[in-house]
Amino acid sequence: MAPKSGAPMVKPKSAAFKDKSKPADVRTSNINAAKAVSDAIRTSLGPRGMDKMIQSGNGEVSITNDGATILKQMNVIHPAAKMLVELSRAQDVEAGDGTTSVVVIAGALLEASEKLLQKGIHPTAISDSFQRCASKAVNILTEMSTPIELNDRETLIKSASTSLNSKVVSQHSSLLAPIAVDSVLTVTEPGKESAVDLKNIKVIQSLGGTIEDTEMINGLVFTSRASGSNAPKKIEKAKIGLIQFCISPPKTDMDHSVIVSDYAAMDRVLKEERAYILNIVKQIKKAGCNVLLVQKSILRDAVSDLAQHFLDKIKCLVVKDVEREDIEFVCKTLSCRPIASLDHFVAESLVNADLVEEFASGTNKFVKITGIQNPGRTISIICRGSNKLVLEEAARSLHDALCVVRCLVKRRAQISGGGAPEIEMALQLAAHANTLDGVDAYCFRAFAEALEVIPSTLAENAGLNPIATVTELRNRHALGEKTAGINVRKGAITDMNAEHVVQPLLVSISAISLATETVRSILKIDDIVNTIS
């Protein structure tokens with residue numbers, strides 16, 4: 001039956017699902033959003049990269065060029081762009097360095113896949129091809145790498161320096177790199193190299209002085225000063241006790257109260273308090289303890305004024321308010337167990353150390369314990385800086401350097417830096433593409449071209465001509481110079497190994513694998529569905 005004239009045509013419900021352009025639009029929107037994030041961070045890649053000033057909502061400012069830090073604090077709304085933020089976080093956890101590179105590679109791969117989509121290649125075909133490209137690229141990287149030994153300290157320092165050279169504190173890399181290497185090697189247990197835990201390295205930020213004053217302390221450092229005005233500030237041949245109970249009068253429960261009506265009862269309360277505290281202090285003296293570490297308590301004072309007075313008299317140095325999360329680190333360093341009650345406070349529970357002293361570091365006073373009898377595999381680094389911005393960036397850079405050394409300890413192989421591995425992968429993948437036919441050939445070629453984004457960005461950030469530089473670099477690699485890379489200081493192509501620009505194999509492998517995974521996820525999305533709140 002023909003519809004009545006003038007009546008509007010009713011669109012059948014099912015037609016909504018036959019809308020072919022929607023998946024393409026969603027995919028384009030996702031790719032553009034992710035590329036925008038990648039472009040925002042691209043300028044901070046490499047030693048000549050720019051820094052970003054990050055201003056938070058409460059007006060706090062920080063300056064950095066660490067990709068993970070920038071993205072973590074960036075206000076990203078688009079769901080696909082958030083995937084790139086997660087990507088840089090994953091790289092930070094996995095390798096600790098290369099957080100900018102991984103996002104830049106992902107952006108370039110998305111751009112390449114956009115061109116392939118326009119040619120009419122199906123997203124699933126592109127996704128599967130990229131998977132094969134990534135595994136081939138990892139094989140190429142592994143063939144390029146050179147194995148290293150853990151006792152070769154110089155090689156490890158070169159890698160740590162390369163990581164620090166792209167940071168704000170690059171001029172101090174000669175000081176910070178050896179600290180990073182020695183710290184990681186100290187906390188590495190022989191035979192358990194794959195389980196290096198950076199939580200065993202405590203980085204303490206201390207304002208004042210310059211980055212050159214940063215030092216590594218083989219012992220334990222407390223960020224609080226020794227409590228008590230008349231207490232000793234330096235104790236040799238110390239006997240240390242770590243307690244988890246309070247040396248202060250007990251309090252009633254939250255909803256109870258004690259009402260004292262006359263002075264006699266008041267005196268009795270005070271006398272009891274005094275006797276209670278005196279009993280604890282006598283037990284401490286009897287055990288021979290002369291350094292007391294007290295865990296922070298939420299409910300009452302860790303050490304009351306009266307207790308402090310008695311402890312001063314028995315010449316005992318007290319560090320109170322040790323944070324609950326630091327207790328594990330303290331126990332590991334001193335190889336002791338915390339004493340939870342007074343009954344267990346005996347001489348066997350104490351730890352011996354050669355020296356415990358209070359020392360000034362910049363504007364703060366810290367307590368330092370050195371010469372511990374059988375120390376655990378931990379280390380403390382006091383990081384110094386003239387202002388808050390420099391100090392925070394120095395601590396972040398030091399963390400990246402520690403991660404690089406950890407990567408080398410986990411997987412003992414390194415490759416050249418300066419864009420050399422990327423160009424080598426691009427050349428070999430392009431050569432491999434010529435042996436393939438069909439869709440794979442297109443995808444391999446696109447993947448190879450996308451990898452050239454790293455050397456071209458390095459050249460661009462260093463003020464060189466990216467096209468000329470990458471062309472010359474490709475030419476040198478074609479002639480068989482596998483370690484040729486961009487020397488941004490001289491503005492020329494030189495041998496990266498001779499310039500000591502090296503990086504761990506694990507960083508590059510993880511960057512390629514993670515970037516490819518993220519790009520595959522984004523390609524396979526064809527719709528964004530909003531849930532009911």
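## Salt bridges across the fold

The structure holds 19 salt bridges. Keep in mind as you read that this is a predicted model. Side chains of opposite charge can pair when their charged atoms come close. Three of these pairs make a good starting tour.

Let's begin with Glu114 and Lys35, which form a salt bridge with their closest N and O atoms 2.9 Å apart. Glu114 belongs to helix α4 and Lys35 to helix α1, so this pair ties together parts that lie 79 residues apart in sequence. Are these two residues buried or exposed? Glu114 is buried, and Lys35 is buried as well.

## Two more long-range pairs

Next comes Glu60, which forms a salt bridge with Lys388; here the closest N and O atoms are 3.8 Å apart. Glu60 sits in the loop between β1 (52-55) and β2 (61-64), while Lys388 is in helix α11 (residues 388-410), so the pair ties together parts that are 328 residues apart in sequence. Glu60 counts as partly exposed because its relative accessibility is 47%. Lys388 also falls in the partly exposed class, at 44% relative accessibility.

In the third pair, the side chains of Lys202 and Asp326 meet in a salt bridge, with 3.8 Å from N to O. Strand β4 (residues 201-207) holds Lys202, and the loop between β9 (317-322) and α10 (327-334) holds Asp326, so this pair ties together parts that are 124 residues apart in sequence. How accessible is Lys202? With a relative accessible area of 19%, Lys202 is buried, because the buried class takes in values under 20%. Asp326 is partly exposed, since its relative accessible area is 23%. Salt bridges that share partners also join residues into a network: Glu60, Lys388 and Glu392 are linked in this way.

## The largest pocket

If you are looking for open space in the model, the largest pocket has a volume of about 800 Å³. Its lining is made up of 45 residues, and those nearest the pocket centre are Gly46, Pro47, Thr162, Gly418 and Gln503. By class, the lining of this pocket has 17 nonpolar, 21 polar and seven charged residues.

Which elements each supply at least two residues of this lining? They are α4 (99-118), α6 (153-165), α12 (420-433), α14 (453-461), β14 (484-487), β16 (502-504) and α16 (505-524). Helix α6 gives the most to the lining of the largest pocket, with six residues.

## The second largest pocket

The second largest pocket holds about 410 Å³ of space. It is lined by 19 residues, with Ala108, Glu111, Ala112, Lys115 and Ala450 the closest to its centre. Two or more lining residues come from each of α1 (21-42), α4, α13 (439-451) and α14.

Which element gives the largest share of this lining? That is α4, with seven residues. Sorted by class, the lining of the second largest pocket divides into eight nonpolar, three polar and eight charged residues. Helix α4 may already be familiar from the first salt bridge, where it carries Glu114.

## Cysteines without disulfides

A disulfide is a covalent bond between the sulfur atoms of two cysteines. How many disulfides does the model have? The count comes to zero. Cys289 is in no disulfide, and the nearest cysteine sulfur, that of Cys316, is 4.6 Å away. The cut-off for a disulfide is a pair of cysteine sulfur atoms within 2.5 Å, so the 4.6 Å separation from Cys316 leaves Cys289 unpaired. Cys289 counts as buried because its relative accessibility is 4%.

Cys331 is likewise in no disulfide: the nearest cysteine sulfur belongs to Cys336 and is 4.6 Å away. Cys331 is buried, with a relative accessible area of 13%.

## Where distant parts of the chain meet

One last stop is Lys22, a residue of helix α1. Lys22 is partly exposed, with a relative accessible area of 40%. What does Lys22 contact beyond its neighbours within four places in sequence? Leaving those neighbours aside, Lys22 is in contact with Asp526 and Asp527. The C-alpha atoms of Lys22 and Asp527 are separated by 7.6 Å, although the two residues are 505 residues apart along the chain.

Notes. Residues are numbered from 1 along each chain as its sequence is written. This is a predicted model: local features need pLDDT of at least 70, side-chain atom pairs count only at pLDDT 80 or more; totals for chains, interfaces and linings use all residues. Side-chain values use heavy atoms; hydrogens and water are left out. On a 1 Å grid over the protein atoms alone, a cavity is a set of points where a 1.4 Å probe fits but cannot get out, and a pocket is an open set with protein on both sides within 12 Å along at least five of seven lines; lining residues have an atom within 4 Å of a point. Grid points are joined across faces, edges and corners, and a volume is the space filled by probe spheres set on the points. Helices (H or I, at least four residues) and strands (E, at least two) are DSSP runs, numbered from the N terminus. Ala, Val, Leu, Ile, Met, Phe, Trp, Tyr, Cys and Pro count as nonpolar, Asp, Glu, Lys and Arg as charged, and the others, Gly among them, as polar. A salt bridge is a side-chain nitrogen of Lys or Arg within 4 Å of a carboxyl oxygen of Asp or Glu. Buried means under 20% relative accessible area, exposed over 50%, partly exposed in between (1.4 Å probe, protein chains only). Contact means heavy atoms within 4.5 Å.
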